[in-house]
Every structure is written in structure tokens, then in C-alpha cells.
Amino acid sequence: MNAAGVFDVIVVGGGVSGITAAVRLSAAGRRVMLLEKRAYLGGRASSFLDQHTHTLIDHSQHVMLECCTEFDTLLRALNVSHHIRYLDQIRYLLPDGSQAALSACALPVPYHLLPSLLMMRGLGMRDILSVNRLLKAARSSLDLAEAGSAGGNEESTFDDLCRQARLTPSARRIIVEPLIFSACNAPIEEVSAKYGAMAISDGIMAGRRAYRIGVPRVPLAELFTDPTIELLRRNGSDARLQTNVVSMERTGPGVRVRDIAGRSWAANACVLALPYGRLVRLAPDRVLTSQQASVAERLVPSPIVAAHLWFDEDLRLPEATCLPGRATHWIFHRTCAPNAHCAAGSYITTVTSGDRSLASLSGSRILEIVLRDLQAALGTTMSIRPVHHRVVRERSATFVPAPGVDRFRPAVHTRYPEFVVAGDWTDTGWPATMEGAARSGRSAAAALLASLR
Ligand SMILES: Cc1cc2nc3c(=O)[nH]c(=O)nc-3n(C[C@H](O)[C@H](O)[C@H](O)COP(=O)(O)OP(=O)(O)OC[C@H]3O[C@@H](n4cnc5c(N)ncnc54)[C@H](O)[C@@H]3O)c2cc1C
């Protein structure tokens with residue numbers, strides 16, 4: 001099919017950045033064609049069909065915080081924000097095996113979490129005071145960075161900031177490490193002071209409810225695929241799934257895109273909303289800036305390991321359990337969610353962020369480790385076996401927000417006004433998250449709207 005000249009913009013890549021760009025451009029009256037290689041939209045934040053259970057399973061549980069404002073705007077535009085449930089209480093399995101719950105009280109920020117933190121075995125007033133020092137150091141480091149001062153040192157790690165604030169080992173392990181792993185997908189030693197400071201400011205200081213995690217109650221593919229396509233079609237735009245784009249060329253004032261099946265689409269402009277590893281292979285010659293062309297060599301990938309476990313019995317677990325100091329960072333009890341596609345028993349999913357040694361182990365070894373942590377969360381010594389399991393290792397889930405990383409993250413503008421790039425790896429000032437991707441999609445749409453005027 002040749003639909004030359006029909007579209008104003010082709011968006012290649014239906015991850016969160018591509019969806020955001022497509023939705024914003026079509027809302028601004030541009031006719032958009034969104035092309036996605038896979039059978040579902042959402043990209044890394046999507047699902048696959050598990051052949052054994054015949055259900056859609058997220059590659060990995062995704063969570064969001066209330067500071068994810070641009071991602072929230074996207075969910076509202078798609079009319080799916082009611083599928084996100086924010087958890088007021090988060091269960092903790094502490095390093096000594098005891099359990100505790102994190103929730104806010106009526107005290108003002110940052111004291112709102114104080115009573116529940118003091119109830120956690122292993123944490124005392126000395127630890128809390130050290131977190132307070134860290135929050136102050138983080139705030140002043142962010143202020144200095146905003147003011148462009150050298151004191152907001154781009155080259156220092158968050159570990160440096162923790163040492164400067166004399167963060168105690170217990171506070172580090174129980175309070176700070178889980179936050180940094182979840183927000184930055186890398187260990188404290190590898191994360192820059194700026195991104196670490198952002199994570200703890202956003203997760204603790206941003207408001208009384210900032211600590212709450214938002215959990216989708218439906219598979220991510222369901223959250224994004226049909227709602228995006230329906231919205232685009234209502235705006236006179238469209239989307240094609242299972243469309244593997246293999247070439248792009250500049251055609252004087254516009255662009256022509258071809259997929260592996262030989263179909264082609266033409267438009268006045270194009271958003272390349274691709275992972276940075278694919279970008280160089282697909283972008284037409286001389287379109288990318290040197291920074292865009294070299295980004296894949298500069299960013300350091302970081303893994304996420306997820307295990308999906310099905311049990312034929314109901315496991316007594318809350319919706320989310322945080323496991324500081326253990327190989328498994330989070331356990332999510334998905335069967336708690338209404339609409340969960342699980343007729344009986346429990347569907348559990350676990351997440352470990354930024355742990356390269358775990359990601360290098362075999363699936364069966366990872367399963368053993370995860371089951372050991374799950375057993376501890378259940379408070380049982382009896383061995384538990386799932387009736388079915390899947391271990392997903394995403395070795396390049398995100399990139400490490402390391403010191404100096406912003407120097408390598410390019411803007412969305414390319415060397416030609418009719419091409420822009422989008423992705424969580426662009427210069428959003430955010431770690432690689434759905435929020436970062438949504439912000440990048442917004443910038444890409446704004447850049448094209450300015451140049452297509
Ligand atoms: C396991 C895991 C867990 C995560 N957990 C969280 C979390 O809890 N919270 C959070 O905020 N973030 C999380 N993230 C990060 C988040 O998923 C990403 O930052 C975000 O989804 C990236 O979106 P994107 O649009 O930049 O890129 P992508 O999602 O990579 O989108 C790129 C799209 O381009 C498509 N594509 C590639 N090649 C072609 C081609 N030739 N033709 C057509 N289409 C093509 C891909 O299929 C994909 O859909 C996680 C990531 C992973 C991997």
C-alpha cells in the first residue's frame with residue numbers, strides 16, 4: 001500500500017515517547033501515522049502473550065510516582081488514568097526478617113513518614129537524622145545545579161553525597177537504596193549526585209503522598225494499545241502494529257518510510273521514537289547530529305530482572321512488598337488487582353533493578369533466589385513451588401544515570417527540521433523512565449509543530 005502524501009507526520013516506534021508524540025501531534029490537528037514493530041503499543045513498558053496461561057504479561061511490573069506529571073497527562077489523554085492505583089501503604093520485609101508498613105501520618109513533610117520509619121526494626125532516630133541531613137544536602141545540590149554552579153558538581157556520585165551527609169548504613173540500606181534502585185535502576189555508587197538527589201527529593205520531599213507508588217491494574221499492553229489507536233483515529237490519524245520499519249529516506253521536503261513487508265508511507269515529517277541502539281541503523285544518512293549518532297557508545301546499559309510466578313493457592317501477600325537488602329527488590333501480588341487475568345490462586349511478579357550479577361545468572365538460579373525471598377516475605381520455612389513461571393532478563397532495560405551523563409544525552413532536533421528523535425535517552429533531565437519518555441515525546445511534538453507551522 002502506498003499512502004504517499006496522506007500524513008503530516010510519521011512516528012516510528014510505539015513506546016511511551018512515540019505514543020506521546022503521536023497523541024500530541026494529532027491533538028494539534030496533524031494527521032499522524034504511528035508505526036510499531038510489535039503486536040502491542042508501549043515498547044519497553046508493554047506486555048507479551050504468555051502461551052501457557054494465555055494471558056498478557058508485562059515484561060516487568062512498571063510503577064510510577066505522583067511526580068510523573070507528563071506521563072499522567074498522557075494517561076489522562078488516553079482516558080486510562082483510572083487504571084493506576086496509588087498504594088497508601090507499602091509493606092517492607094526488613095533485612096532481619098521482620099515486617100513493617102510505610103505510610104504517611106498527619107505531620108508535615110518531611111516528618112510525615114517518621115512514625116512508620118521509627119516502627120521499622122533496625123532504624124532509630126540516629127538513622128532518621130542522617131536521612132534528614134541527606135535530604136538537605138540533596139536539596140542544596142539540586143539548587144546549585146539549577147543555578148548552574150560548580151557546587152552542583154555534575155561529576156560526583158550520589159554515594160559522595162551520602163558520605164557527605166554521613167548517612168548511616170541502616171538508613172542507606174532500608175530507606176535510600178530501594179528508592180535509588182527503583183528510580184534510577186542502578187546502585188548508589190553508579191548514580192550521579194543529581195539524579196540520586198532528584199529521586200529522594202521527588203520520593204520524599206515533593207509532598208505528603210509522594211512516597212506512594214502507582215501500579216497499573218491492567219496489563220501495560222491493554223493500557224496503551226487500543227486507547228491510543230482509538231484516540232488517534234478519532235483525530236483523523238492512525239496506527240499500524242506489527243510494522244517493522246526497515247528503511248527511511250529523505251524525499252526533498254519530506255520523508256518516505258518502508259517496512260519489512262514492502263509497504264511504504266510518506267509524510268512531511270518524521271519522529272524517530274526508537275531505542276538508541278536502533279536509531280543509527282534506521283535514520284537516513286546525515287540526519288542525526290554527531291551527539292545522536294554516538295549516544296549508543298556513551299550510555300552504559302543497566303538490567304532489570306523480573307520473575308512471573310503462578311501458584312495454585314492464594315498467597316497471603318499485600319499488593320506490593322519492598323525488600324531492602326535482598327536480591328529481590330520488590331514483590332507484587334497481581335491477583336489482588338481487580339480484572340487480574342487469573343482465575344484462581346496467586347499471580348506474583350518480582351523485580352530486581354540494576355543488578356548485573358543477578359542478570360547474568362541462569363533462569364533456574366534466579367528462580368531459586370526469588371523463591372527464597374518470596375518464602376521470607378510469606379514468613380514460612382516451607383518450600384513453595386509455582387505451577388508455572390517465567391523469568392525475564394532485560395540486560396539493557398535502561399541506561400545508568402551516571403555522573404556527567406547529561407553531556408551525552410542529545411536534544412530532539414536533528415540536522416533537518418522535518419526529522420526529530422524521541423526516547424527516554426534524550427536530554428529530558430530525567431532518568432530512563434516512562435516519565436522521561438513522555439517528556440521526550442512532548443519535546444519532539446513541540447519541535448515539529450514549530451517547524452511545520
Ligand atoms: C524491565 C523494565 C522495567 C521498567 N520499569 C519501569 C518502571 O517501573 N517505571 C518507569 O517509569 N520506567 C520503567 N522502565 C523504563 C521505561 O519502560 C522506559 O524508560 C520507557 O518505556 C521507554 O520508552 P521509549 O519510548 O523511550 O522507548 P521504547 O519503549 O524502547 O520504545 C521504542 C519502540 O520502538 C519500537 N521499534 C523498534 N524498532 C522498530 C522498527 N524498526 N520499526 C517500528 N518500531 C520499532 C519498539 O518495538 C518500541 O515499541 C522499565 C524498563 C524496563 C525494560
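**Entry 1: helix α6**

I began with helix α6, which bends by about 45 degrees at valine 176. I noted that a proline, proline 178, follows within four residues of that position. The model I am reading is a predicted one.

I then looked up the span of the helix. Helix α6 runs over residues 169–184 and has 16 residues. Its end C-alpha atoms lie only 20 Å apart, whereas a straight helix would reach 22 Å at 1.5 Å a residue.

Which residues of α6 are buried? I listed Ala171, Arg172, Ile174, Ile175, Val176, Pro178, Leu179, Ile180, Phe181 and Cys184. The residue at the bend, valine 176, is thus entered among the buried ones, and so is the proline that follows, Pro178. Just after α6, I found asparagine 185 with a positive phi of about 55 degrees.

**Entry 2: strand β12 and its partners**

I turned next to strand β12, residues 264–272. I recorded that this strand is mostly covered, with 8 of its 9 residues buried.

With which strands does β12 pair in the parallel sense? One is β1 (residues 7–12), joined to β12 over 5 bridges. In that pairing I located valine 12 opposite leucine 272. Another is β18 (residues 419–421), which pairs with β12 over 3 bridges. There I found phenylalanine 419 as the bridge partner of cysteine 270.

Strand β11 (residues 254–259) pairs with β12 in the antiparallel sense, over 4 bridges. I noted valine 255 opposite alanine 267 of β12. β11 and β12 form a hairpin with 4 residues between the strands. In this hairpin, I saw that glycine 262 takes a positive phi near 90 degrees.

**Entry 3: domains**

I looked up how the protein is divided. Domain 1 is assembled from the segments 7–66, 72–78, 218–299 and 403–451. Domain 2 covers 88–205, and domain 3 covers 301–399.

I then examined domain 1 against domain 2. Their centres, taken over C-alpha atoms, are separated by 33 Å. I recorded 11 residues of domain 1 in contact with 14 residues of domain 2.

How much area do domain 1 and domain 2 bury between them? I entered about 880 Å², of which 56% is on carbon and sulfur atoms. On the side of domain 1, I noted Pro403, Asp406 and Pro431, which supply 52% of the area that this domain buries against domain 2. No other three residues supply more of that area.

Note on methods. Residues are numbered from 1 along each chain as its sequence is written. This is a predicted model: local features need pLDDT of at least 70, side-chain atom pairs count only at pLDDT 80 or more; totals for chains, interfaces and linings use all residues. Side-chain values use heavy atoms; hydrogens and water are left out. Helices (H or I, at least four residues) and strands (E, at least two) are DSSP runs, numbered from the N terminus. The expected span of a helix is 1.5 Å times one less than its number of residues. The bend at a residue is the angle between axes fitted to the seven residues ending there and the seven starting there. Buried means under 20% relative accessible area, exposed over 50%, partly exposed in between (1.4 Å probe, protein chains only). Two strands pair if DSSP finds at least two bridges between them. Domain bounds come from an automatic or database domain assignment. Contact means heavy atoms within 4.5 Å. Buried area is the accessible area (1.4 Å probe) that two parts lose on being put together, summed over both.
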